[in-house]
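The following exercises are to be worked through in order, with the sequence and the structure at hand. Each task is followed by a solution in steps.

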Amino acid sequence: MIPVNPERFLNDLHALRAIGASGVGKGVVRPAYTAKDIEARDWLAARMQAAGLTPHFDPMGSVFGLADGPSLLMGSHSDTQPEGGWLDGALGVIAALEVARASKEAGGPAVSVVSFEDEEGRFGVTTGSAAWTGVLPEEKIADLVDPKGISLPEARAAMGGRLGDWVDPKQFTGFLEMHIEQGPLLDQTGGRIGVVEAIVGIRDMVIRFEGQQNHAGTTPMALRRDAFQALARFNTLINERFRNVVTPATVWTVGHVSLHPNAHSVVPGKVSFSMQWRDGDVERLKRMEALIRETAEEVAETMGMTLAFGSMLGVEPVAMDPTMRAALAMAAEEEAPGQWRHMPSGALHDASNMARLMPAAMLFVPSIGGVSHDFSEDTDEADLVAGLNVLARAVARMQG
């Protein structure tokens, strides 16, 4: 096992939390390319240099701490949601820094560190790692715009002269990411460690029903072509029809609804809503899509609606590397015997992009109450240290 220093690790984690601290609990506000995000990246670059690594900013603003020669790459991201927690992403970066530093001090295997930029998606989905791995074509970067209409090049200009060339991925033997679970499974079952089997695939599209806008007081119920009632019927039917298709790990969400004209005394004539579903099996994702389309068409025909489907966002499921998974599993059993499990990741992570470029694996620690993307996000420090120790054991086994 690489002789990591838990106290140093926790001190660094809390020091990073202070950059962009929200003033509410342990919350952090550090969205991509903001002043606090850049301050955090400068702080990380200095810590990487002090650890004997060579700091380097790539064209997206992702900051690497590079070891000499071939190395294992570890890390995550340090940007946050507009109202974020202190561990989402930051945990993986600081754990990687501690393993790299401790390994170098002990003459162990070479470990490099990365904090990818904009994993939280101000400009897309896992933007920094997607750009580096080619999942996001370089020619499309300039077209990305945030919800306020600011383009990525405009926001990135705040990085000033820090940005350098792309890092050659061929120098890395694999990628390892530690993260909070962001869900309730470990917390509810008393688990301390999750070894990720796969990162689920995502499908996301907008569905539109159009009926007839009309007066809410004078239009008889039997004659209404109410777009909201079409959405309500669709939602009820799809929940029923998914029962024989999905697993307990499958999730689906109507997350954004736009109702027109959205007025108290008007029967709504139009509704547009997002439909997102996630699962680790491609065939199940396809079957769910077929059911969604069939159900929407049935509702439209039955209720006198016109129907339109928006374009589909598709992110494929990604399996984690079996050799790296095995090393994590053995390390988890040594550190927390009987208190770990294999599990999927229902959230996207940088490891999803990295797995397309090199062997990749992920390790989870519990989220108290299953809460993340919120100021109240937290994990017991004993579990944070347990995760760090699993990483240290696994890296020694992988690189030994």
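**Exercise 1. The aromatic cluster**

Task: In this predicted model, determine which residues are linked into a cluster by ring pairs, and classify the pair formed by F64 and W132.

Solution.

Step 1. The cluster consists of F64, F116, W132, F172 and F175, linked by ring pairs. Searching the whole structure yields 9 aromatic pairs.

Step 2. For F64 and W132, the ring centres are 5.3 Å apart and the planes stand at 65°. Planes over 60 degrees apart count as edge-to-face, so this pair is edge-to-face.

Step 3. F64 belongs to strand β2 (residues 63-66) and W132 to helix α4 (residues 127-133). The two residues are 68 residues apart, and their pair links distant parts of the chain.

Step 4. Buried means under 20% relative accessible area. F64 has a relative accessible area of 0% and is therefore buried. W132, at 8% relative accessibility, also counts as buried.

**Exercise 2. From helix α4 to strand β5**

Task: Classify the pair of W132 and F172, and decide whether F172 is buried or exposed.

Solution.

Step 1. The ring centres of W132 and F172 lie 6.1 Å apart, with the planes at 70°, so this pair is edge-to-face.

Step 2. W132 is in helix α4, whereas F172 is in strand β5, 40 residues apart. This pair, too, links distant parts of the chain.

Step 3. The relative accessibility of F172 is 7%, so F172 counts as buried.

Step 4. The strand as a whole may now be considered. β5 spans residues 172-180, and 8 of its 9 residues are buried, so that the strand is mostly covered.

**Exercise 3. The partners of strand β5**

Task: State in which sense β5 pairs with strand β3 and with strand β17, and identify the residues that stand opposite L176.

Solution.

Step 1. β3 (residues 71-77) pairs with β5 in the parallel sense, over 3 bridges. Within this pairing, M74 has L176 as its bridge partner.

Step 2. β17 (residues 360-365) also pairs with β5 in the parallel sense, here over 6 bridges. In β17, A361 stands opposite L176.

Step 3. L176 is thus matched with M74 and with A361.

**Exercise 4. The loop after strand β17**

Task: Locate S367 and describe its exposure.

Solution.

Step 1. S367 lies in the loop that runs between β17 and α11.

Step 2. The relative accessible area of S367 is 0%, and S367 is therefore buried.

Step 3. S367 and G194 are 173 residues apart along the chain, and 11 Å separates their C-alpha atoms.

**Exercise 5. Helix crossings**

Task: Describe how helix α3 crosses helix α11 and helix α2.

Solution.

Step 1. The axes of α3 (residues 90-105) and α11 (residues 381-399) come within 10 Å and cross at roughly 50°. This angle makes α3 oblique to α11. The crossing is right-handed.

Step 2. The axes of α2 (residues 35-50) and α3 come within 10 Å and cross at roughly 15°. Angles under 35 degrees count as roughly parallel, so α2 is roughly parallel to α3. The crossing of α2 and α3 is right-handed.

**Exercise 6. Charges over rings**

Task: Identify the rings over which the charged ends of R17 and R293 sit.

Solution.

Step 1. The charged end of R17 is placed over the ring of W86, at 5.7 Å from its centre.

Step 2. The charged end of R293 is placed over the ring of F309, at 4.7 Å from its centre.

Technical notes
Residues numbered from 1 in each chain as written. Predicted model: local features only at pLDDT ≥ 70, side-chain atom pairs only at ≥ 80, totals over all residues. Heavy atoms only, no water. Buried < 20%, exposed > 50% of the residue type's maximum accessible area, 1.4 Å probe, protein only. Helix = DSSP H or I, 4+ residues; strand = E, 2+ residues; numbered from the N terminus. Pairing = 2+ DSSP bridges. Phe/Tyr/Trp six-rings, centres within 6.5 Å; stacked < 30°, edge-to-face > 60°. Lys NZ or Arg CZ within 6 Å of the ring centre and 35° of its normal. Axes fitted to C-alpha atoms, helices over the stretch in contact; angles between N-to-C directions. Parallel < 35°, antiparallel > 145°, perpendicular 65-115°, else oblique. Left-handed = near helix turned anticlockwise from the far one by under 90°.
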